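Here are some exercises to work through with the structure open beside you. Try each task before you read its solution.

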Amino acid sequence: MSLCGGSGPAAAPRLRPRAAQMARRPELLCGAAIVLGCAFLVALKVTCSRAKDVTMPAKLPVNFFSTRSPVVDLFRGQLDYADHLRQDAEIVLYFFYAPWCGQSIAAREEVEHVASRLSDQVLFVAVNCWWNQGKCRKQKHFFYFPVIHLYHRSFGPIEYKGPMSAVYIEKFVRRVMTPLLYISSRSKLLDFLSNYEPGVLGYFEFNASPQPPGYLTFFMSALHSLKKDYLGTIRFGVITDKHVAEEISLVHSGSIYLHRHVNTSLIYPDDIMNYTAENICKWALENREMLIRWLRPHGGKSLLFNNELKKGPALLIFIPYNPLEEIHPLLDEITKVALEYHNCNKSQAAEPDLQLFRDTGSPAFDSSVPDAHRKLPETFSITKYPCCNTVVLPQWHSISRTHNVCELCINQTLGVKPNKVHVPHCNFLEIEAALDSFYLQEHTFFQVISSTIECSNFLSFYSPFSYYTACCRTVNRHFLSFISSEKIIFQTPKVVFSSHGKKDNTQYSIPHIEDRNCFIPDLHISGTNITGLSCRTNKTLNLYLLDSNLFWIYAERLGATRSTHLKEFATIVDLKEEVHYVLDQNQSLLGSTLENFIKNFSIHYSPLKRHLVDDPSAHLDKQRVITEVTTNTFYGTVVLSEKNVLLLYYAQWCGFCASLNHIFIQLARLLPSDNFTVARIDITQNDLPWEFMTDHLPTILFFPHQRKEQSVKFPEDVSVNLPNLLKFILNHSSLSSAEPCTKECLHKETVLQQGHISHLEREIENLRSEISALHQAHDQLEAKLSEARREEHRLQQQKHTLEKQHKTLQLHSEQLQATYNQKNQELLEMAEKLQDLADASENLLKENTLLRILVASREGKLQSKDELKESLQSQQMISKDNDVPVSTAAATLEEKRIENIDTIEAEHSSGKKTE
């Protein structure tokens, strides 16, 4: 029988047909192999799945906040209890944290500071959302910690995403506590409209009802804005006085007004959009005016700066900012500059007459005095938006005899009615039709003649295709070609052309002064102000503010001085042109300095110098073989040097650059130091002018003497080694063949070449001597190595011998250990036997003592027996005849008593012997 259960010869004939069948159909063999493999994997998976993971149970959570803190710490993640607490409070702040998170630990103190100030008005609850057995971990799925949620009664959550600083958190909490500002007088309206942040005003009559229709919706829209805009850039206010509401053309209760400084202020179109909180918030966010914007990067990996800088040139202003302070003088100056910069229309139509408010802001003009109410100018709610195109007249044009530049405008209206306001649209077809009419029918423009430089007679109400104007001037031809200097000379215009097309009703016309200096981009840039400069230049700046208390590290990277105590800094970054300019830090950051900074950037030939980042940590050691170049030393070391300069561009992270260091050290030692300089520059830490930058590393540039503008790049397809570098330098260090060379020039060149040749010959001789010395050292090293190899062989043999001896000693030690264990066992057995003998001897001593006592007692008894016998014998002899039977009986009894005693003693002695 075989091991498989059958006989071998009998099983072989049955297997051969199956093997032949599998050979004819190999797919059967593959299928069988696949089935067996799948079965094996399933069995392995089932076997492995039975093994339980051995995990250490998590430690019980502990208090994250102090027990004396005003923050309720639910460190076991009791989210249901937190919701129970929220039912009894009006404002609740949830602080979701993870106890291991460093940011949560850092924000703990800030939240506790805010709670100490607002705990009487706001309920602060901290929830551990990392405890795996808590409900917070099971219901909330946060991707980061900490998370702050605020609830205003039943509305929420409003997530706070700003800086984890106490002042910013407190400011946001106060915004949630009072999302609306109540305005009951003109002075409060002036303060509200004067703020640089966009504002939304709603008018509601509280006389008829404590909660007018639409008020709750407006209130919820303010909370929605905080939910979508955590920075709180839009302020919401409620006007409670009818006369104050009329100043901004709000007549009906429930009307909503969006105030904008430069563009036309808007009124919520409730006839087009539903009057809901979401729609009001969306409308305000889409139409708000952002003259200046706060940037608050969270510190992690984000594209915030990149996305903003892609929009165009940016002016980044770093100022120390405390959001809890009510007065910010520096911020007010910056806001004023931003308003002037974006104010492209100096008429009253572009900005409400806030000065009128200031002049009438005395108590006499308060809302409590009915006769003191005045209406704002009509232009407060009616604004014209012209769509213009600048026309440079050719020489053949009829108007070119007096003027050479005209601005052709098609005017559209906005704010015809306060409740119907639409965004202006400039149609290209309208501009094209106006241009055709201007070129082909220019006689229609000769209707109004004025000696002023403004275009006048603008209509207030009209349809889009019914009105267009042309304002022409004479401009210096050098300015038009942008070749002359910044000074621009204008001649006084003599004619201003205007035309009325189709049907116009002149009774609606009002006097209107339109500034027409904006038809040339850089007109009046060098003036005394920057009013409307954003519309007069192609280099419009986006203005951004950053809190230097939080983000000063960005200012340092952009060129701010690290040693400054006053953290104020301004810089212009143009990502498209790859330049940035830094405001002189010796000047104070004021409105006038910012204006000059902006104007110098906006002109075509800007006097601003591109800021180049320099590495202050670079050590310039004159004893080094390779000269280290920085941004400040580049021109002196490379461009202005009277030597041939070979410059290596490298970076600390570039591994290929590091592999070239030994080659450049050898090259620097070979070349004469009086004619050649070998240098390098770390371009990741030092900026250079664009003509000297490179796009990859490592890069080698050679700057020949007296021909630094003809710098040469080392070929990329040639390997960088010492011979190739020498050929490259010698090939480009000679004088240019394009220049005629005189005898004196040839003589100087010959002398220079001879000097180079002699220097190289000396260096070659030195190299040969060094090579011979190296050969000798090599021979000596070979001899020492051979001796070391022999010594190693001898030590190897000794090692083998010692290993054998060690093995023998190890065996002997094992034998001795076994013998020791055996003898030790025998000693233990002998000790047990000796202990038994000692116990037996002790028992024998006790028995011996007892036997002696028994022998003594036996001897005493025998003696007394003998005495008794003697007495009996004497008595018998005395009374033989008197009492013979009695004496016989007594003797018999005494003998029995003695026999009994002997029997007892014999039994006792036999018992002792048995023991």
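**Exercise 1.** In which order do the five strands of the open sheet line up, and what is their pairing?

*Solution.* Before starting, note that this is a predicted model, where local features need pLDDT of at least 70 and side-chain atom pairs pLDDT 80 or more, while totals for chains, interfaces and linings use all residues. Residues are numbered from 1 along each chain as its sequence is written, and side-chain values use heavy atoms, with hydrogens and water left out.

Step 1: the order is S11-S17-S12-S18-S19, and the pairing is mixed. Strands here are DSSP runs of E with at least two residues, helices are runs of H or I with at least four, and both are numbered from the N terminus. Two strands count as paired if DSSP finds at least two bridges between them.

Step 2: look at the edges. S11 (292-294) and S19 (579-582) each pair on one side only.

Step 3: check the twist. On average, neighbouring strands of this sheet are turned by 25 degrees against each other, direction ignored.

**Exercise 2.** Find out how S18 is joined to S19, and which helix packs on the sheet.

*Solution.* Step 1: S18 (residues 569-574) and S19 run antiparallel, joined by four bridges. One bridge pairs Asp574 with Val579 in S19.

Step 2: helix H16 (residues 548-557) packs on the sheet and touches S12 (314-319), S17 (542-547) and S18. Contact means heavy atoms within 4.5 Å. The direction of H16 makes about 115 degrees with that of S17; such angles run from 0 to 180 degrees between N-to-C directions of axes fitted to C-alpha atoms, for helices over the stretch in contact.

**Exercise 3.** Work out how strand S4 is covered and which strands it pairs with.

*Solution.* Step 1: six of the six residues of S4 (residues 147-152) are buried, so the strand is largely enclosed by the rest of the structure. Buried means under 20% relative accessible area, with a 1.4 Å probe and protein chains only.

Step 2: take the faces in turn. Val147, His149 and Tyr151 lie on one side, with Ile148, Leu150 and His152 on the other.

Step 3: S2 (residues 91-97) runs antiparallel to S4 with six bridges, and Phe95 has Ile148 as its bridge partner.

Step 4: S5 (residues 155-160) is also antiparallel to S4, through four bridges, with His152 partnered by Phe155. S4 and S5 form a hairpin with two residues between them, and Arg153 in the turn has a positive phi of about 60 degrees.

Methods
Buried < 20%, exposed > 50% of the residue type's maximum accessible area, 1.4 Å probe, protein only.
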